[in-house]
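Please work through the exercises below with the sequence and the model side by side. Each one sets a task and then solves it step by step.

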Amino acid sequence: PRQRVQTLQCGQGAVRAARFNVDGNYCLTCGSDKTLKLWNPHKGTALRTYQGHGYEVLDAAGSCDNSQICSGGADKAVALWDVTTGQVVRKYRGHAGVRRGRGRCEALGPRDPDGVRDEPPRHRGTPRTGDPLNLPPPHSSVDGRVRRYDLRTGQLCSDYIGSPITSVCFSKDGQCVLAASLDSTLRLLDKDTGELLGEYTGHRSTTYRLDCVLNEQDTHVGCASEDGHVYFWDLVEGSLALSLPVGQGVVQSLAFHPRLSCLLAATQGQVTLWREDTFQPEGDPS
């Protein structure tokens, strides 16, 4: 995606995270002003504001049936929200602290309060233990390890990267894990063996927790950068495919649409929506 088609002025202070819902029709933005907002980003419309965290909201995710939202905050709590009423259904407490970076929430299934994780934000080698039977969200850590936990058996699978890790995600087929780290390197790992499949460099990541993504077809990998750009590389060849200028400050969050060539990028207090060059907005006569 190279064409900016929408800019959301969120009015939430700094936007800590922007996330698509399960079908990509809506998105969530998390603000330093303690609010969570639901948007139709394709039309640039704010739909609802959720208030209930005691400190800034760090990340959020929608359930698979779009009926609930979970969000994690710097108040050390994970909140489960009813989308329609805007009310907090339940709060989960017990975290001992919050790191300087941002957390990551994942909703594993519809109406499943137990399927919510808080992932501490933020090095190569692959000592591993266990062999998980399913694909729970991978966890990144400042100790340089990517960990996966089997929720049913309690087994742990761990890969050592070597630099503090800021973000991880699965490929669409679930066979690879993409990890971004503070040595300004993006790495692609085989999920089952931990083998290093590819390395991607050119962006700047030395201080902040920055998101990494794969596009909707798993043909390109992308990462936010501290220089105000988003970088995309060819997954197989490793060559730089795109350097997208998003803004003047650090690009704080990224989200790729599940089906379309469509990207959300958050920088400072706004979120921008990007589409492919051939995309024509509704009502555009050209």
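Strands (E, at least two residues) and helices (H or I, at least four) are DSSP runs, numbered from the N terminus. The model is predicted, so that local features need pLDDT of at least 70 and side-chain atom pairs count only at pLDDT 80 or more, while totals for chains, interfaces and linings use all residues. Residues are numbered from 1 along each chain as its sequence is written, and side-chain values use heavy atoms, with hydrogens and water left out.

**Exercise 1. Describe the chain as a whole.**

Step one is to count the elements: the chain has 0 helices and 24 strands.
Step two concerns burial, where buried means under 20% relative accessible area, exposed means over 50%, and partly exposed lies in between (1.4 Å probe, protein chains only). Of the 286 residues of the chain, 54% count as buried.

**Exercise 2. Place Ser71 and find the partners of its side chain.**

First, Ser71 belongs to strand 7, which covers residues 68-73.
Next, its relative accessible area is 0%, and therefore Ser71 is buried.
Finally, look for polar contacts, that is, pairs of N or O atoms within 3.5 Å; within protein, one atom must be able to donate a hydrogen and the other to accept it, and residues adjacent in sequence count only if both atoms are side-chain atoms. The side chain of Ser71 has such a contact of 2.7 Å with the side chain of His53, and another, of 2.8 Å, with the side chain of Trp81.

**Exercise 3. Work out the surroundings of Val57.**

Begin with its element: Val57 is found in strand 6, residues 57-62.
With a relative accessible area of 0%, Val57 is buried.
Then list its contacts (heavy atoms within 4.5 Å). Leaving aside neighbours within four places in sequence, Val57 is in contact with residues including Arg16, Cys30, Leu36, Ser71 and Gly73. Of these, Gly73 is 16 residues away from Val57 in sequence, yet the two C-alpha atoms are 4.2 Å apart in space.

**Exercise 4. Find aromatic pairs and classify two of them.**

The rule comes first: rings of Phe, Tyr and Trp (its six-membered ring) pair if their centres lie within 6.5 Å, and planes under 30 degrees apart count as stacked, over 60 as edge-to-face and the rest as tilted. A search of the whole structure gives 4 aromatic pairs.
The ring centres of Tyr50 and Trp81 are 5.6 Å apart and the planes stand at 65 degrees, so this pair is edge-to-face. It links distant parts of the chain, since Tyr50 is in strand 5 (residues 45-51) and Trp81 in strand 8 (residues 78-82), 31 residues apart. Both Tyr50 and Trp81 are buried.
For Phe232 and Phe256, the centres are 6.1 Å apart and the planes at 80 degrees, so that pair is edge-to-face. Phe232 lies in strand 20 (residues 229-234) and Phe256 in strand 22 (residues 251-256), so the pair ties together parts 24 residues apart in sequence.

**Exercise 5. Which state, bonded or unbonded, applies to Cys223 and Cys262?**

A disulfide is here a pair of cysteine sulfur atoms within 2.5 Å, and the search of the whole structure finds 0 disulfides.
Cys223 is in no disulfide, the nearest cysteine sulfur being that of Cys212, 6.0 Å away.
Cys262 is likewise in no disulfide, and the nearest cysteine sulfur, that of Cys27, is 9.4 Å away.
As a last step, Cys223 counts as buried at 0% relative accessibility, and Cys262 counts as buried at 0%.
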